[in-house]
Amino acid sequence: MGESLVLRDLLQLKRAISNENNTQVVSLQQKYSGAVPDDLLPWHNWEQRFRRKDSFATLLVPEDIPSERLTPTIVTGNGNCLFNAASINLVGNEDLGVTLRLLTAAELFIHADFYANHPRYDHYF
């Protein structure tokens, strides 16, 4: 789906969450749930994956962290950088960034009780 359509739906999702319209949130989640391929395989060509390697940030990575699996990568700094980075990790480009953001927001809203009462939090609180 085109990024402008996903951005429009992201705004629609924001309104649906604000209005606590569960039906519309679930509908948007279902609309985009197929956008992320189920058969994503681990990348075999790491150099191709990180063709936008951030050389300066690489210098800041502590030496005891294995660099084969964790490579600082340049992503678009548009407020969507976490999701752009996840998209690069999943499919090699930023095309899924906005879609991942929409799906994450829908997931957190739909299952808010689960996340708010997750047993892992008992360890911290």
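This is a short talk on the fold, core, salt bridges and surface of one protein model.

Ground rules first. The model is predicted, so local features need pLDDT of at least 70 and side-chain atom pairs count only at pLDDT 80 or more, while totals for chains, interfaces and linings use all residues. Numbering starts from 1 along each chain as its sequence is written, and side-chain values use heavy atoms, with hydrogens and water left out.

Now the overall fold. The protein has 7 helices and 0 strands. From the N terminus on, the order is α-α-α-α-α-α-α. Helices (H or I, at least four residues) and strands (E, at least two) are DSSP runs, numbered from the N terminus. Of the contacts with a separation of 6 or more, 46% are between residues 24 or more positions apart. Contact here means heavy atoms within 4.5 Å.

Next, burial. Buried residues are 24% of the 125 in the protein. The cut-offs are under 20% relative accessible area for buried, over 50% for exposed, and partly exposed in between, with a 1.4 Å probe and protein chains only. The accessible surface is about 9000 Å². Carbon and sulfur atoms hold 55% of that surface. Areas come from the Shrake-Rupley method with a 1.4 Å probe; for residues, only the protein chains shown count as cover.

On to the core. Which residues touch the most other members of the largest nonpolar core? Leu13 and Leu102, out of 15 residues. H1, H2 and H6 each supply at least two residues of this core. H6 gives the most, with 5 residues. A nonpolar core is a set of buried Ala, Val, Leu, Ile, Met, Phe, Trp, Tyr and Cys residues joined through side-chain atoms within 4.5 Å. Take Leu13: beyond its neighbours within four places in sequence, Leu13 contacts Val25, Leu28, Leu102, Ala105 and Ala106. In soluble globular proteins, nonpolar side chains tend to be buried together.

Charges next. How many salt bridges are there? The count is 2. The rule asks for a side-chain nitrogen of Lys or Arg within 4 Å of a carboxyl oxygen of Asp or Glu. Arg8 pairs with Asp9, with the closest N and O atoms 3.2 Å apart. Lys31 also pairs with Asp9, at 2.6 Å between the closest N and O atoms. That second pair links distant parts of the chain, from Lys31 in helix H2 (residues 22-33) to Asp9 in helix H1 (residues 3-18), 22 residues apart. Arg8, Asp9 and Lys31 are thus linked in a network of salt bridges. Is Asp9 buried or exposed? Asp9 is buried, because its relative accessibility is 1%. Arg8 is partly exposed at 47%, and Lys31 is partly exposed at 35%.

Now Glu94. It sits in the loop between helix H5 (81-91) and helix H6 (97-110). Its relative accessible area is 17%, so Glu94 counts as buried. The side chains of Glu94 and Thr76 share a polar contact of 2.6 Å. A polar contact is a pair of N or O atoms within 3.5 Å; within protein, one must be able to donate a hydrogen and the other to accept it, and residues adjacent in sequence count only if both atoms are side-chain atoms. Leaving out residues up to four places away in sequence, Glu94 touches Arg52, Ile74, Val75, Thr76, Asn84, Ser87 and Ile88.

Last, the surface. Phe56, Leu59 and Leu60 form a nonpolar patch with about 400 Å² of accessible area together. Patches take residues with over 30% relative accessible area and no salt bridge, joining like charges within 9 Å and nonpolar side chains (Val, Leu, Ile, Met, Phe, Trp, Tyr) within 5 Å. Phe56 lies in helix H4 (residues 55-60). Phe56 is exposed, at 60% relative accessible area.
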